[in-house]
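Please look through the sequence and the structure shown here before reading on. The paragraphs after it are meant for a reader who has not met this structure before.

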Amino acid sequence: MASLTQINKVWKIEGPGTLIVTSDLHGNLEDFYRLKEIFEAEEDAVLLSLGDLFHGPKPLPKEWVNHYLYQGRYYEDQSVELFFEWKSLQEAHPNRVGVLLGNHEHAHIGGPLVRKFHPNESAFFESNLTQEEREALHEFLLGFAAIATSSCGLAFSHGAPPPTFFDRETLQRLNYASYTNSSISQMQIGDLLGGLLWRRTASEEDILQFLAHLNDIGDYPYVSAVVFGHDPSEQGYSIENNHLLNLSTSFWTLRENKKYLRVDLSENFYCTQ
């Protein structure tokens, strides 16, 4: 049976079964409900989000046409509702639903400010929660993993993985709360978590170095390709190089182009070039 196990900020996904992967919902509750329907229709499936579940637009429909049309069709930001719905789904299906930390989630628990739709996205989100709910949100986010590996040979991250060296001890010491004063440019250069959250592309050489570091640890299934979100793809996905695929499930993408990834965990997806 397909399952998710977290070891040192890494999800370990094992089959047989089905893996359903989604990215960047950004408060789109309608898209979440559709993915939930797809997931729960599978008898033996796990669901993985590549991060950025939260923070969406708040303009009126007419403002969307003037300012946001390039980001897909209008939807109402329902990040608060999505928080409760995703948390409930994860609690209802232990070891079958997981999330990777995105840069927008990181802003709540020690990451740099994000301001795509509001001057302070995390403050706007949390202003709609009670103190008890804010504490529950922070506890929830601190449990997110930074990387996922799978028995079929695919790894997963929010942003395009960096070539930065890391080992088992690096992952054990990974502290989400230590980046409040870091700039985005600082995070993208020479920092493992910063790269995983903010990089929008990576060369094939970068990916091969990242995979070598991950595979050298030996705690996870051997992987040879990476799927990431973060950077919107107009067609719902793009193949960046022989070892890297970008997935756009929801945000910025027109409905007819939105994609999720469905993987048979009994298959082997190994890249040799």
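What follows is a walk through the sheets of this predicted model and the helices that pack on them.

We begin with the sheet that is built from 7 strands, an open one with mixed pairing, in which the strands follow the order β1-β2-β6-β7-β8-β10-β9. Its edges are formed by β1 (3-7) and β9 (237-241), and because each of these has a single partner strand, one side of each is left without a neighbour in the sheet. On average, and with direction ignored, neighbouring strands here are turned by 20 degrees against each other. Within this sheet, strand β2 (residues 10-14) runs parallel to strand β6 (residues 147-150), and 4 bridges join the two; Lys 12, for instance, has Thr 149 in β6 as its bridge partner. Helix α10 (residues 204-217) packs on this sheet, where it touches β6, β7 (154-157), β8 (225-228), β9 and β10 (244-247), and the direction of the helix makes about 105 degrees with that of β8.

We turn now to another open sheet, also of mixed pairing, whose 4 strands are arranged in the order β5-β4-β3-β11. Here β5 (97-99) and β11 (261-264) stand at the edges, and since each has a single partner strand, one side of each is left without a neighbour in the sheet. The partner of β11 is strand β3 (residues 18-22), to which β11 is joined by 4 bridges in an antiparallel arrangement, and Thr 18 has Asp 264 of β11 as its bridge partner. Helix α3 (residues 79-92) packs on this sheet and touches β3, β4 (45-49) and β5, with a direction that makes about 135 degrees with that of β5.

Terms used:
Residues are numbered from 1 along each chain as its sequence is written. This is a predicted model: local features need pLDDT of at least 70, side-chain atom pairs count only at pLDDT 80 or more; totals for chains, interfaces and linings use all residues. Side-chain values use heavy atoms; hydrogens and water are left out. Two strands pair if DSSP finds at least two bridges between them. Axes are lines fitted to C-alpha atoms, for helices over the stretch in contact, and angles run from 0 to 180 degrees between N-to-C directions. Contact means heavy atoms within 4.5 Å.
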